[in-house]
Amino acid sequence: MAEPRALRWPIGLLLLASCTGQFGDLPANDEGGEATAPLCASIEPGESPLRRMTRVEYDNTILDLLGDDSRPARGFVPEEESLGFNNQAAALVVSPLLAEQYMTAAEGIAARAAGKLLGEAPACREAAAGAACRGEIAALIASLGKRAFRRPLAEDEIAELAALFDRGLGLGDTPDDASTGLSLVVQAMLQSPHFLYRVELGMPDPVESDVVPLTSYEIASRLSYLLWGTMPDDALFAAAEKGTLGTAEEIEAQARRMLDDPRAREAVKNFHRQWLGLSKIDEIAAGGRDPELYPEYRDELLPLFQAETEAFLDHAIFEEDASVSTLFTASYSMMNRELAELYGIKGGPKGEAFERVELDPSQRAGFLTHAGLLSLYAKPNRSSPVHRGRFVRQSLLCQIPPPPPDVVPEPPMVDRTKTTREQFSQHVSDPGCRSCHALLDPIGFGFEHYDALGRWRDAENGIPVDASGELTQTDTDGPFDGAVELAHRLAESEQVRACVVKQWFRFGYGRAEQREDACSLSQATEAFEASRYNIRALLVALTQTDAFRYRREIHVGGDVGDDAGGASESAPEGEP
């Protein structure tokens with residue numbers, strides 16, 4: 001398969017892309033497009049927005065590219081979230097502050113890398129301006145540039161970077177200082193859109209069609225950032241160079257190999273931190289817990305809360321090859337001594353290491369009853385049926401009930417003579433609240449056996465807890481009693497399984513699903529179902545879809561508005 005022409009972009013188009021995160025397609029719909037019944041007679045890849053690295057991806061890539069573990073992106077401005085994720089292309093604009101942070105980071109990284117890189121060009125230590133040095137520098141630029149841009153450099157790109165190296169020779173401490181020239185080359189690479197963005201043009205189209213397969217290098221990059229959150233490894237680069245990433249079977253073989261690498265575990269953790277809100281658990285510290293009601297609370301518990309759910313999901317998915325059902329219904333978790341004591345578990349772990357702990361299946365079931373999530377979706381002085389119900393409705397069922405536009409929700413005052421359920425009964429009687437809370441509260445009431453720290457309780461304020469609830473407008477409607485029964489009901493819900501596919505689609509592809517993605521969603525869902533809803537199988541399935549392997553053909557050059565497919569009209573207000 002022939003690789004595409006050299007990627008030379010008009011500078012105006014690169015600036016436009018940096019502002020909008022889009023090239024060749026319209027921006028994603030933040031609320032997600034409704035997929036119609038798939039008509040899969042032709043390839044429908046959906047849109048392919050230009051995707052900028054997130055902070056996590058930037059740091060991982062710098063580590064793998066140059067061995068630099070300083071993680072400078074932790075100091076970058078946070079990404080804007082869309083659809084619950086921070087990697088959505090439509091929201092990843094570049095502000096002036098972020099551009100400056102990219103520059104500062106590149107300068108520091110390049111200064112640290114130059115000396116090491118100079119070891120790959122020994123002739124440059126003696127005579128940086130000599131012919132032998134220039135040959136070594138050209139080879140170094142080609143090698144490093146291929147990894148930094150995730151595809152081979154064109155000859156004119158190598159020449160431009162070599163000229164930059166020459167310019168740096170006169171800027172160092174001595175006229176023959178090669179390290180300064182190398183530093184400028186690295187700085188230029190790290191600030192290039194070809195490094196910061198996942199640039200994808202696809203193969204040159206040999207037939208009359210507006211759909212083209214991605215190149216082997218582009219597939220390698222999609223695989224590595226989906227499954228590892230970083231740049232391709234040597235094996236992926238080798239496969240790309242040989243052109244052995246062109247078939248679904250070749251891509252699947254690489255995906256299965258990559259899932260056995262520890263980096264896949266980190267990528268899956270990143271997904272769950274965002275999908276379930278685990279990354280927000282540390283924000284509980286801002287409001288804390290009422291010391292009179294929860295004297296056991298301390299901020300040091302928060303990282304343990306997050307670690308429990310992450311360790312449980314990691315163990316279930318990678319050690320037990322779990323299905324979605326197991327994630328909802330498992331009667332065990334992962335805890336250390338301190339966390340087990342909070343749960344009231346006797347004879348649990350004795351040390352700080354997390355171990356598998358069997359739980360009372362009548363009180364706990366999967367991640368839904370973990371203390372961290374129950375605390376996150378609670379208030380400082382009580383549980384919160386609204387927040388817990390909204391979490392289930394929005395994150396697990398992919399339903400987003402909008403609040404009435406003219407209503408400012410006010411929670412009821414705390415009354416220690418009543419249960420939380422009794423206090424929230426006003427939502428049923430208030431016409432302004434009823435329509436929305438009828439979808440949330442009956443689910444949230446099912447969690448009333450858990451206080452604002454996620455601990456089990458049989459009574460609240462001396463009154464027996466009523467944890468009966470009801471599911472409506474789902475494929476598993478009906479009453480239930482308690483969160484354990486709810487978890488088992490959700491575990492068998494086709495709607496929940498479809499939501500899991502949709503959430504992984506959004507995270508993995510960095511955009512909302514649209515009508516054109518009906519076939520891709522169907523492809524992933526069918527493979528997921530065939531595997532009996534195995535999570536690892538779903539990740540492999542995401543690499544097999546039309547949306548992953550193809551894109552609409554685009555044409556580079558000429559009028560920027562034409563090249564951008566209308567993107568010039570879609571820049572957010574206030575952006576260049």
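Is Cys133 buried or exposed? Cys133 is buried, with a relative accessible area of 1%, and I start there because this residue brings us straight to the disulfides, although I should say at the outset that what we are looking at is a predicted model.

The structure holds 2 disulfides. One of them links Cys133 to Cys124, with an S to S distance of 2.0 Å, and since the torsion about that S-S bond is about 100°, the disulfide of Cys124 and Cys133 is right-handed. As for the partner, Cys124 also has a relative accessibility of 1%, which is under the 20% cut-off, so Cys124 counts as buried.

The other disulfide is formed by Cys398 and Cys499, whose sulfur atoms are 2.0 Å apart, and with 80° about the S-S bond this link is right-handed. Cys398 sits in the loop between α18 (385-396) and α19 (420-423), while Cys499 belongs to helix α23 (residues 494-509), so the pair ties together parts that are 101 residues apart in sequence. The two ends fall into separate accessibility classes: Cys398 is partly exposed, at 21% relative accessible area, whereas Cys499, at 2%, counts as buried.

Let me turn to the packing of the interior. In soluble globular proteins, nonpolar side chains tend to be buried together. In this model, the largest nonpolar core has 143 residues, and those with the most contacts inside it are Tyr58, Phe195, Leu223, Phe367, Leu368 and Leu396. Helix α3 (residues 96-118) gives the largest share of this core, namely 10 residues. If we take Tyr58 and set aside its neighbours within four places in sequence, its contacts include Met53, Pro72, Ala73 and Phe76, and also among them are Tyr102, Ala105, Ala106 and Ile109, together with Phe195 and Leu196.

Finally, the empty space. How many cavities of 30 Å³ or more does a search of the whole structure find? The search finds 6, and the largest cavity holds about 120 Å³ of space. Its lining is made by Glu47, Ser48, Pro49, Arg51, Arg198, Glu200, Arg222, Gly508, Tyr509, Arg511, Ala547 and Phe548. Helix α23, where we already met Cys499, supplies at least two residues of that lining, and so does α26 (546-549). Sorted by class, the lining of the largest cavity has 4 nonpolar, 2 polar and 6 charged residues, and the arginines in the list are Arg51, Arg198, Arg222 and Arg511.

Technical notes:
Residues are numbered from 1 along each chain as its sequence is written. This is a predicted model: local features need pLDDT of at least 70, side-chain atom pairs count only at pLDDT 80 or more; totals for chains, interfaces and linings use all residues. Side-chain values use heavy atoms; hydrogens and water are left out. A disulfide is a pair of cysteine sulfur atoms within 2.5 Å. Buried means under 20% relative accessible area, exposed over 50%, partly exposed in between (1.4 Å probe, protein chains only). Helices (H or I, at least four residues) and strands (E, at least two) are DSSP runs, numbered from the N terminus. A nonpolar core is a set of buried Ala, Val, Leu, Ile, Met, Phe, Trp, Tyr and Cys residues joined through side-chain atoms within 4.5 Å. Contact means heavy atoms within 4.5 Å. On a 1 Å grid over the protein atoms alone, a cavity is a set of points where a 1.4 Å probe fits but cannot get out, and a pocket is an open set with protein on both sides within 12 Å along at least five of seven lines; lining residues have an atom within 4 Å of a point. Grid points are joined across faces, edges and corners, and a volume is the space filled by probe spheres set on the points. Ala, Val, Leu, Ile, Met, Phe, Trp, Tyr, Cys and Pro count as nonpolar, Asp, Glu, Lys and Arg as charged, and the others, Gly among them, as polar.
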